[in-house]
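Take a look at the protein below. This report covers a pocket, a sheet and the helices that cross the sheet.

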Amino acid sequence: MLVQDVPASLCKGGENIELPYPKSGRDQACRRNDPNKEFSRMSHLNFNEFKTSIDRVIHAFEGRFTQGISPASLTLAYMDWLIHLSHSPGKVSELAENLARKHEAFLLWSLRSTVDPNTPPLIKPLEQDRRFRDPAWSAYPFNIIAQGFLMREQWWHYATTGIPGVNDHHEKVVSFAARQWLDMFSPTNFPTTNPKIINRAIETGGNSLYQGLQNLLEDMQVYMLGEEHHCDEYCVGKNLATTKGQVVYRNRLIELIQYEPSTKEVYAEPLLIIPAWIMKYYILDLSEHNSLVKYLVDKGHTVFMISWHNPDAEDRDLAMKDYINRGVRDALKAINHIVPQRKVHGVGYCLGGTLLATTAAAMARDEDDRFQSLSLFTAQTDFTEAGELMLFIDESQLSYMEDVMWDRGYLDTSQMAGAFTLLRSYDLLWSRLVSEYLLGERPRMNDLMAWNADSTRMPYKMHTQYLRSMFLQNDLASGRFIVDDRPISLRDIRAPIFAVATEKDHVAPWHSVYKLHGLVNTDMTFVLTSGGHNAGIVSEPGHPRRTYRIAENKPDDKYIPADEWVNRNPQQPGSWWEPWSDWLAQHSSERTTPPSMGNPAQGYAPICPAPGRYVFEK
């Protein structure tokens with residue numbers, strides 16, 4: 001809740017605040033006639049709050065060591081699996097028989113491969129498994145080490161899935177936990193069992209291991225001693241977020257940036273870009289060559305961008321309604337004064353896209369048609385298939401996470417990073433540790449990596465509401481999400497939609513994003529592009545090896561299942577930015593002279609040059 005939302009009676013010393021007693025006449029009489037009983041009630045209330053606080057403090061302290069993961073949630077999943085497995089003797093006998101057969105086959109293969117180096121592998125890794133692709137893994141004895149590990153990994157997958165009676169969520173949690181545990185002991189992670197590490201140490205005379213030790217000590221200084229990495233190569237305002245513009249509005253939650261035009265004429269309808277508050281906005285204004293903002297400005301669009309305030313403990317009570325009202329609605333109000341009598345193209349990325357869809361549905365319900373179109377990038381609106389991130393979402397986990405956030409007033413960046421790292425442990429954790437500490441190689445910094453290191457926080461109340469309403473209860477897709485005391489439905493939206501999903505998205509899986517087809521009743525163009533959650537969106541024209549699929553869906557068209565949609569629509573080379581630019585042009589009216597930068601007469605005078613102040617908040 002923002003300061004200006006607090007009733008006046010609560011800002012005058014609190015003299016009008018009452019304890020939440022029942023309103024019955026008997027209770028009122030007790031309060032009037034028996035002050036000792038009233039004191040007893042207050043003491044009991046305070047003692048209950050004290051006991052609750054003790055629980056929260058304990059959970060918050062534990063959460064610092066568990067990265068916010070609930071031990072109770074993991075234990076429940078494990079016990080569900082273990083109890084049902086112990087009561088399934090048929091499954092246990094299958095596992096034992098399977099283990100015996102695998103070891104017998106592995107023993108025979110090991111003997112054969114020792115004699116014949118060209119013996120084909122017994123187990124082929126999954127297509128996305130890159131751990132054993134180096135040719136050195138096909139030589140003895142490392143081929144046997146790799147195959148033995150893959151055999152154990154395969155067996156544990158069989159052991160943790162398909163147990164009759166196990167809750168589906170618990171099964172996924174146990175299988176995921178087993179995979180994480182096995183990944184920890186992969187032979188690729190140890191210098192004595194990884195031929196690439198051994199060969200590199202021999203080639204460099206041990207210098208690779210020495211350099212890896214130096215890298216480890218540097219990182220220990222950063223993470224344990226509180227020092228910071230200083231990157232002089234990429235800096236905000238220097239070679240990141242450099243598109244010229246002005247901050248034309250600022251409140252407690254947002255800065256609104258208006259970018260300067262680069263063409264003599266612009267499309268009449270401006271764009272409002274709403275990035276996720278889990279990230280700094282300049283993911284869409286990186287370097288000059290891959291800035292989506294610059295691309296749009298050069299195409300003749302008037303572009304506005306929201307830059308979110310990075311919340312701290314004082315912002316713990318910021319709620320979803322604040323992000324709707326003080327975020328999207330205040331930005332729209334400012335744009336309507338700067339570019340009057342024009343509709344707005346709404347653009348939302350990730351959580352910003354979910355927020356945009358939510359606000360647009362509320363506006364449509366209230367007959368507010370200020371949106372000319374909606375563009376949603378990797379934005380989920382139905383969370384029933386939200387991918388492996390759902391492993392961290394259940395009642396036990398959310399209650400625990402609420403206590404962790406309650407302690408500080410926000411969700412810390414390290415806790416968010418820990419969850420995403422587990423989802424892609426090989427790419428984000430083990431391969432990095434091997435590369436930097438055992439091979440002595442530091443990755444070359446790029447603009448996307450510099451942005452990724454510039455993380456943000458999320459306030460306690462908003463994130464609690466978001467996780468419960470959206471992820472756990474799926475209120476938005478079910479028509480139960482409340483805005484301004486009334487439920488909203490995405491089916492009320494009539495503005496045309498351009499939705500983008502990415503093939504390798506671990507945050508918003510494309511099958512989940514695709515579900516928007518079943519939730520809206522308007523023209524929708526859907527794009528599935530190559531790449532991941534961020535790299536797939538930062539996909540400028542000329543970027544090598546980029547492809548996309550695209551198709552339009554009319555309100556009267558029949559529903560097409562996601563996998564069938566892929567088969568019907570072939571890949572096209574190039575960047576999806578170009579068909580999106582054409583789509584925006586088709587849904588815009590005439591070109592006109594650019595609007596002024598801000599509108600001082602209406603209270604929207606330029607405050608400071610872009611990128612503004614909030615982007616620098618740590």
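## Walls of a pocket

Four helices each supply at least two residues of the lining of the second largest pocket: helix 3 (71–86), helix 5 (142–160), helix 6 (168–184) and helix 14 (425–438). Helix 6 gives the most, with 9 residues. Keep in mind that this is a predicted model.

The second largest pocket has a volume of about 570 Å³. Its lining holds 24 residues. Leu74, Val173, Phe176, Ala177 and Ala178 lie nearest the centre. What classes of residue make up the lining? It has 19 nonpolar and 5 polar residues, and no charged ones.

## An open sheet

Strands of a sheet pair through backbone hydrogen bonds, either parallel or antiparallel. Here, 11 strands form an open sheet with mixed pairing. Their order is 15-14-13-12-7-6-4-5-2-1-17. Which strands sit at the edges? They are strand 15 (572–573) and strand 17 (608–609), and each pairs on one side only.

Now look at the end with strand 15. Strand 14 (residues 547–553) runs antiparallel to strand 15, and 2 bridges join them. Thr547 has Pro573 in strand 15 as its bridge partner.

## Helices across the strands

Helix 11 (residues 351–365) lies across strand 4 (271–274), strand 5 (303–308), strand 6 (344–349) and strand 7 (371–377). Helix 11 runs at about 150° to strand 7.

Helix 20 (residues 577–586) lies across strands 4, 6, 7, 12 (497–502), 13 (524–529) and 14. Helix 20 runs at about 165° to strand 7.

Terms used:
Residues are numbered from 1 along each chain as its sequence is written. This is a predicted model: local features need pLDDT of at least 70, side-chain atom pairs count only at pLDDT 80 or more; totals for chains, interfaces and linings use all residues. Side-chain values use heavy atoms; hydrogens and water are left out. On a 1 Å grid over the protein atoms alone, a cavity is a set of points where a 1.4 Å probe fits but cannot get out, and a pocket is an open set with protein on both sides within 12 Å along at least five of seven lines; lining residues have an atom within 4 Å of a point. Grid points are joined across faces, edges and corners, and a volume is the space filled by probe spheres set on the points. Ala, Val, Leu, Ile, Met, Phe, Trp, Tyr, Cys and Pro count as nonpolar, Asp, Glu, Lys and Arg as charged, and the others, Gly among them, as polar. Two strands pair if DSSP finds at least two bridges between them. Contact means heavy atoms within 4.5 Å. Axes are lines fitted to C-alpha atoms, for helices over the stretch in contact, and angles run from 0 to 180 degrees between N-to-C directions.
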